[in-house]
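Student: Hi! Can we go through this model together, a bit at a time?

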Amino acid sequence: EKLQSASGDSSKLAASGDYSQLAASGDYSKLAASGHYSVIASSAYRAFAKGGDGTWISLAEFDSDTRCIGFATGCIGKGGLLPDVWYRAAGGKLVAA
C-alpha cells in the first residue's frame, strides 16, 4: 500500500506507483502522483495537485476570509483534466494553476 500523508505547511508529497494515495492538510501543500488510478485529497489552504490518467483529485476551496467553502473534485482524463498539469480549486472546479 502506497499511502502518504502530511500536515505541515508547504508540504510536498509525490508518488510514482499506480494506485497511490496522497493526503495533505498543511497550507500551500503540493501533491503529485505520476502513477495511474491514484487518489489525491487535500483540505489545505491553497493546495495544488497533479496526477496521471485515472487519478482522482479532491481539493478544498477557501474564500477570502480563509474559510472552507467546499471541495473541487475531478478525475484526470475526464472533463478536460489533463495528466501532469498542476490544479487548484476555484469556483467549485479544478482549474489549471
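Student: Where is Arg46 found?
Tutor: Arg46 is in the loop between E5 and E6. Strands (E, at least two residues) and helices (H or I, at least four) are DSSP runs numbered from the N terminus. Keep in mind that this is a predicted model, where local features need pLDDT of at least 70 and side-chain atom pairs count only at pLDDT 80 or more, while totals for chains, interfaces and linings use all residues. Residues are numbered from 1 along each chain as its sequence is written, and side-chain values use heavy atoms, with hydrogens and water left out.

Student: Got it. What is phi of Arg46 near?
Tutor: The phi of Arg46 is near 55°, which is a positive value in a residue other than glycine. Arg46 has 49% relative accessibility, so it counts as partly exposed. With a 1.4 Å probe and protein chains only, buried is under 20% relative accessible area, exposed is over 50%, and partly exposed is in between.

Student: Which other residue has a positive phi although it is not a glycine?
Tutor: Asp84 does, with a phi of about 60°. You can find Asp84 in the loop between strand E8 (68–75) and E9. Its relative accessible area is 51%, so Asp84 is exposed.

Student: Switching to rings: how many aromatic pairs does a search of the whole structure find?
Tutor: Two. Rings of Phe, Tyr and Trp (its six-membered ring) pair if their centres lie within 6.5 Å; planes under 30 degrees apart are stacked, over 60 edge-to-face, and the rest tilted. Tyr28 and Tyr45 make an edge-to-face pair, with 5.8 Å centre to centre and 85° between the planes.

Student: Why does that pair tie together parts that are apart in sequence?
Tutor: Because Tyr28 lies in the loop between strand E3 (21–24) and strand E4 (30–33), and Tyr45 in the loop between strand E5 (39–42) and strand E6 (48–51), the pair ties together parts 17 residues apart in sequence.

Student: And how are the rings of Tyr45 and Phe62 placed?
Tutor: Their centres are 5.4 Å apart and their planes are at 75°, so this pair is edge-to-face. This one links distant parts of the chain, with Tyr45 in the loop between E5 and E6 and Phe62 in strand E7, 17 residues apart. Together, Tyr28, Tyr45 and Phe62 form one aromatic cluster.

Student: Is Tyr45 buried or exposed?
Tutor: Buried, because its relative accessibility is 16%. Its partners are partly exposed: Tyr28 has a relative accessible area of 41%, and Phe62 has 21%.

Student: What about Trp86: which charged end sits over its ring?
Tutor: That of Lys30, 5.5 Å from the ring centre. A charge sits over a ring if NZ of Lys or CZ of Arg is within 6 Å of the ring centre and within 35 degrees of the ring normal.

Student: Last topic, cysteines. How many disulfides does the search of the whole structure find?
Tutor: Zero; a disulfide would need a pair of cysteine sulfur atoms within 2.5 Å. As for exposure, Cys68 is partly exposed, with a relative accessible area of 44%, whereas Cys75 is buried, with a relative accessible area of 7%.
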